[in-house]
Amino acid sequence: MHLKRLVVLAIVIITAYACKEDNTAEIEYKKELAEIVEEEKILEFGFDLNHYEFKRDTIKKGDTFGVILERNNVGYPQIYQIAEKAKDTFDIRKLQAGKPYTLLYDKANKEDSIQKPTTFIYQKSLEDYVVINFKDSIQAYTSKKPITYIEKTATGVIESSISKTLEDKGLSQALAYKMADDIYAWTIDFRRLQKGDRFKVIYTDKYIDDTIYGGVHNVKAAYFEHNGDSLYAFEFETDSVKGIIDYFNEDAKNLRRAFLKAPVKFSRISSRYNLRRRIAVYGYKVRPHKGTDFAAPINTPIMATANGTVTESRRRGGNGKYVKIRHNDTYSTQYLHMSKQAVKKGQFVKQGDIIGYVGMTGNTGGPHVCYRFWKNGRQVDPFKQKLPEAKPISDSLKVKYLEHIAPIKQRLDDIFFFEAEPIETENTITQDPIL
Ligand SMILES: [Zn+2]
């Protein structure tokens, strides 16, 4: 973009200068200018592609570095040399089908009957690429495309689900995942959002080469009104050495809890903890349900809701295949009716680790996981517990944190909710939302 402006500026200056010259000189200049205008720089991978012939393609199944170069007239002894030299930077055996690559050819070679590339560029990801240059000597290096971050704000009011609200507003679903999985997983049950719940969010979108959308980079701050509660979340790095980033509320409380709200993602609670449950098939006798059932399709991964050690992983009677995890002196959790377990007794698991898969083993009418929450050896309702907070912010960091969030919170508070997008017509006066 800037380049274009530079070129235009160059034309103006040179034209003004040309006026002082005689006519032939002016024509000469104009011819040159025409060429300048045509030659807008195409900068990519650190090369001005105007100076090269280039060929873009994607790695096909069965393609190897050797096959590609051989197809492009590079002989085997040289291919071998290139592979050897490049080895420390990039293992050429790691080319993946479907990934793009570019071959550069020197323009001077254009008239040669056999064109040979001088550079091979492989794009490992949208951002990362490897350059293998073999024009004279062989050089290989990795590099990144220029990335631009653009901070944005968004608001939404829930009608049915957060996905639907984002979709209606043309916003990335990644925002929903960030909020549901990273930020509010412990404080809001996203399967039970209510109509009228609403949110504001300040986030950063990533763009590669200025134009390619690279997704949501991070959420800097969020505000969620759920069930009448106001829940603020601010991103903060608590350990710059380990790069630990967490979300805290306006009082510097960690939003993470020692336990996840659910052992399966995007499931539905089909039966809650209920000590006075009566079931028709049992003649309406009281059959207490000491677990919470999460219905989900067969083989949906089941996650450990907190760090701990597996104390049981087996099959028994009505429980079917199940796993029990001891978290500390106070808490254990248990997950029943699995199709199969993914952990063994004695194994240490972290919060969110997959410990098994949803099934129908044991006494069950449909695929679900019966989640049992043990406190001091008794089964309790996890939704009625005040669960312990994850690692709190240190006292020394708290002052810094509160200073850091003050202006961000102000910005969040200044964002206005639009219940519906305002429609601008000639007759409507759109009221200033700030007034
Ligand atoms: Zn159950």
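This report describes the fold, the zinc site, the main pocket and several individual residues of a predicted model.

**Overall composition**

The protein contains 7 helices and 24 strands. Of its 435 residues, 39% count as buried. Contacts across long stretches of sequence are well represented: among contacts between residues at least 6 apart in sequence, 60% join residues at least 24 apart.

**The zinc site**

Three residues coordinate the zinc ion, namely His289 through NE2, Asp293 through OD and Cys370 through SG, at 2.0 to 2.2 Å. Along the chain these donor residues follow the spacing H-x3-D-x76-C. His289 counts as buried because its relative accessibility is 4%, under the 20% cut-off. Asp293, with a relative accessibility of 9%, also counts as buried. Cys370 falls within the residue range of strand E23 (368-375), and strand E23 supplies at least two residues of the lining of the largest pocket.

**The largest pocket**

The largest pocket has a volume of about 830 Å³. Its lining is made up of 32 residues, and those nearest its centre are Trp186, Thr187, Ile188, Arg257 and Lys261. By chemical class, the lining divides into 12 nonpolar, 8 polar and 12 charged residues. Besides E23, strand E11 (229-239) supplies at least two residues of this lining. E11 gives the most, with 4 residues.

**Asp189 and its surroundings**

Asp189 is located in the loop that runs between helix H6 (174-183) and strand E9 (198-208). Although placed in a loop, Asp189 is buried, with a relative accessible area of 8%. When neighbours within four places in sequence are left aside, its contacts are Lys261, Ile269 and Phe383. Of these contacts, Lys261 is also one of the residues nearest the centre of the largest pocket. The C-alpha atom of Asp189 is separated by 9.9 Å from that of Leu260, a residue 71 places away along the chain.

**Thr305 and its surroundings**

Thr305 lies in the loop between strand E17 (301-303) and strand E18 (308-316). With 0% relative accessibility, Thr305 counts as buried. Which residues is Thr305 in contact with, leaving aside its neighbours within four places in sequence? They are Ala258, Phe259, Leu260, Ala262, Pro263, Thr333, Tyr335, Gln351 and Tyr371. Leu260, listed among these contacts, is the residue whose C-alpha separation from Asp189 was given above.

**Helix H4**

Helix H4 spans residues 76-86, and its buried residues are Ile79, Ile82, Ala83 and Ala86. They lie on the same side of H4, because they cover an arc of only 100° around the axis. Pro77, Tyr80 and Lys85 are exposed on the other side of H4. The cover over the buried residues of H4 includes helix H3 (65-71), strand E6 (128-133) and strand E7 (139-144).

**Loop residues compared by accessibility**

The table sets out the loop position and the relative accessibility of three further residues.

| Residue | Loop between | Relative accessibility |
|---|---|---|
| Phe45 | strand E1 (43-44) and strand E2 (47-48) | 4%, buried |
| Asn227 | strand E10 (212-226) and E11 | 52%, exposed |
| Lys384 | strand E24 (378-380) and helix H7 (395-414) | 68%, exposed |

Two of these residues have an unusual entry for the backbone. Phe45 has a phi near 55°, which is a positive value in a residue other than glycine. Asn227 likewise has a positive phi, near 55°, and is not a glycine. In their setting the two residues contrast: Phe45 is buried, whereas Asn227 is exposed. The loop that holds Asn227 leads to E11, the strand that gives the most to the lining of the largest pocket.

Lys384 counts as exposed because its relative accessibility, 68%, is over the 50% cut-off. Lys384 and Tyr273 are 111 residues apart in sequence, and their C-alpha atoms are 9.8 Å apart in space.

Notes:
Residues numbered from 1 in each chain as written. Predicted model: local features only at pLDDT ≥ 70, side-chain atom pairs only at ≥ 80, totals over all residues. Heavy atoms only, no water. 1 Å grid on protein atoms, 1.4 Å probe; cavity = no way out; pocket = protein on both sides within 12 Å on 5 of 7 lines; lining within 4 Å. Points joined across faces, edges and corners; volume = space filled by probe spheres on them. Nonpolar A, V, L, I, M, F, W, Y, C, P; charged D, E, K, R; others polar. Buried < 20%, exposed > 50% of the residue type's maximum accessible area, 1.4 Å probe, protein only. Contact = heavy atoms within 4.5 Å. Donors = N, O, S within 2.8 Å, 3.2 Å for Na, K, Ca; no water. Arc of directions from axis to C-beta.
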